[in-house]
Amino acid sequence: MTLATRIHDGFLALLIWREKHIQEKTFVVILSLLVGIAGGFAALILKSLIHLISGLLTSHLDQTGGNYLFFIYPAVGILITMLFVRYVVRDNISHGVTRVLYAISQNKSRLKRHNMYSSMVASSITIGFGGSVGAEGPIVFTGAAIGSTIGQAFRMSPRVLMILVGCGAAAGIAGIFKAPIAGMLFTLEVLMIDLTTVSVMPLLIASITGATMAYIFTGYDVEFFFLQSEPFVTGRIPYAILLGVFCGLVSLYFTRVMNMMENFFSSMANPWKKLGIGCLILSCLIFLFPPLYGEGYGAIVDLLGGNVSGIVDGSIFYSDRDNVWFIILFIGLIIITKVFATSATNGAGGVGGTFAPSLYVGCMAGFFFAYLLNNTFALDLSVKNFALMGMAGVMSGVMHAPLMGIFLTAELTGGYELFLPLLIVSTLSYGTIKLFEPYSIYTMRLAQRGELLTHHKDKAVLTLLKVNSVIETDFMAVRPEMSLKEMVGVIAKSNRNLFPVLNDKGDLLGLVLLDEIRNIMFRPDLYRRMHVETFMSAPPAKIDISMSMEQVMKIFDDTGAWNLPVVQGGKYVGFVSKSKIFNSYRRVLRHYSED
């Protein structure tokens, strides 16, 4: 007996023992701890790889002038990433958060095993070499894949797999930001996993464990040191309200331009053309605006620490670092161009998320808002406080996650004393963008295709249902040239009162309803004179097998029908009935609502 066989047999014995001795709820808690440890450790590895690569490449660069290596580094990093993804991974690993959402709603929370490492490797190269994206999307993908893989190994149900996917994502966010509350809120607001008595404990344990891993290995310091030297007073509330609306509009701009650029790159079939155009855009922007290099967290630290002029270090504009109005212009251009740099990175073939870019743009937007008002109207707004508030505002707007934006900003910086203005800015930013965009940057494409699982229980269950799972095929088909006598013979053999009419190619031509021909069925004088094509009727509507269940139910409501034919490319497949959908609906609702 080989070692692999012994391990396999031993694992099967463990599974059998677990099913007999450990209840599922208890075992899910144990698995959430394992997922939390693995997810937190993955976050540490990813951060370390990014800092290692970035440090090796940029530590020697000149801070008092332009650096032409910024033209080369990002292109090299994206080229390496593209080759790795194309020839080693051989799978699309971009848009990590969206792919996790898709797996939850459409693939029973099953993710591929290579996602446990492929996103980490690809994103560390992309970001380390200067790609203007974040590591949070990849770590969510990685953590979710860890949770899914562990759950599949122990043969957990799709309902439990969904919880473990959320645990992995929460552990990744908590580990990379040292933010356990934000990690859990991410799964609730972005991944839209329901908070139930079954899910709350595993999600908490995974988030806390992921953050603890970060604390153990990197210390208890917050990610961005922030010292609140100027207290927030009630007289500043009107400005916080204005900032909230401003952040909402910035979020809208970020989302719309990101979608526009994604469509632009998607229209190109040639990957080398994408690489060339994307790298050209990215390299030029980073050369002009060095703070766009990588995640850009150094610029956030400078602004929160009061080092305003440090924003132009390493650029060709270094000599203008003491010009107040140039600083305002420089930061304004960074806000405008960051989204182009991010979309060019991903469009060219890099791997990274929009999580960190939204945090970055928010910090710049908040600082820009206060700095501009101070120098225009001689006010004394705290630019540090407003930069912090802007981080929460834009993140809340872009991700449609106000609670996560509030708590993540507070946990990242220790700025809990600004909780009231953080609440104001985040809520107003979220409310502003919701007027224009009902879905976040992660969910809008899935929502348009009817593939998004939400907290709306009715829509969630319909999303989980698939048309091909409720198709009934035991209907006897007839031909249009068949006589009434032959039709009566078919009726005698069938236990259905509905008959699809098909041609030789399998195309659906119409329907024969038993109730509609009952008055002529018993007239022998018509048996040879009448044919199916004379008494068949057109279906009230046809269901395409690719339709979402929400679309199917709308068609049923509009037509008032009880049975509708299903086609694929015009070819008859079967029928869908309301009764079958209702039975499946109740089954799925009961399965995913168990506490």
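# Salt bridges, packing and exposure in a predicted model

User: How far apart, N to O, are the side chains of Lys571 and Asp507 in their salt bridge?

Analyst: A salt bridge is a side-chain nitrogen of Lys or Arg within 4 Å of a carboxyl oxygen of Asp or Glu. The side chains of Lys571 and Asp507 meet in one, with an N to O distance of 3.1 Å.

User: How many residues apart are Lys571 and Asp507, which link distant parts of the chain?

Analyst: Lys571 is in strand β5 (residues 571-577), and Asp507 is in the loop between β1 (498-502) and β2 (508-513). Helices (H or I, at least four residues) and strands (E, at least two) are DSSP runs numbered from the N terminus. The separation of Lys571 and Asp507 is 64 residues.

User: On what footing do these values stand, and which pLDDT must side-chain atom pairs have?

Analyst: Residues are numbered from 1 along each chain as its sequence is written, and side-chain values use heavy atoms, leaving out hydrogens and water. The model is predicted: totals for chains, interfaces and linings use all residues, local features need pLDDT of at least 70, and side-chain atom pairs count only at pLDDT 80 or more.

User: Which helix holds both Asp558 and Lys554?

Analyst: Asp558 forms a salt bridge with Lys554, the closest N and O atoms being 3.1 Å apart. Asp558 has a relative accessible area of 57% and is therefore exposed (buried is under 20%, exposed over 50%, partly exposed in between, with a 1.4 Å probe and protein chains only). Lys554, at 52%, is exposed as well. The two residues are four apart, about one turn of their helix, α23.

User: Is Arg518 exposed or partly exposed?

Analyst: Arg518 and Asp515 meet through their side chains in a salt bridge of 2.5 Å, N to O. Asp515 is exposed at 56% relative accessibility. Arg518 has 43% and so counts as partly exposed.

User: How many salt bridges does a search of the whole structure find?

Analyst: Some of the residues involved form a network, namely Glu472, Asp474 and Arg496. The search of the whole structure gives a total of twelve.

User: Are α8 and α16 roughly parallel or roughly antiparallel to each other?

Analyst: Helix α8 (residues 180-189) packs with helix α16 (residues 402-413) at about 165°, the axes being 8 Å apart. Axes are lines fitted to C-alpha atoms, for helices over the stretch in contact, and angles run from 0 to 180 degrees between N-to-C directions. Under 35 degrees counts as roughly parallel, over 145 as roughly antiparallel, 65 to 115 as roughly perpendicular and the rest as oblique. The pair α8 and α16 is therefore roughly antiparallel.

User: Which of Lys108 and Ser109 is buried?

Analyst: Both residues lie in the loop between α4 and α5. Phi is positive in each, about 55° for Lys108 and near 65° for Ser109, whereas most residues other than glycine have a negative phi. Lys108 is exposed at 54% relative accessible area. At 1%, the buried residue is Ser109.

User: Which helix gives the most to the nonpolar patch?

Analyst: Phe41, Ile45, Leu49, Ile216 and Phe217 form this surface patch, with about 470 Å² of accessible area together. Ile216, in helix α9, is exposed at 58%. Both α2 (24-58) and α9 (200-218) supply at least two residues. The top contributor, with three residues, is α2.

How values were computed:
Patches are made of residues with over 30% relative accessible area and no salt bridge: like charges are joined within 9 Å, nonpolar side chains (Val, Leu, Ile, Met, Phe, Trp, Tyr) within 5 Å. Accessible areas come from the Shrake-Rupley method with a 1.4 Å probe; for residues, only the protein chains shown count as cover.
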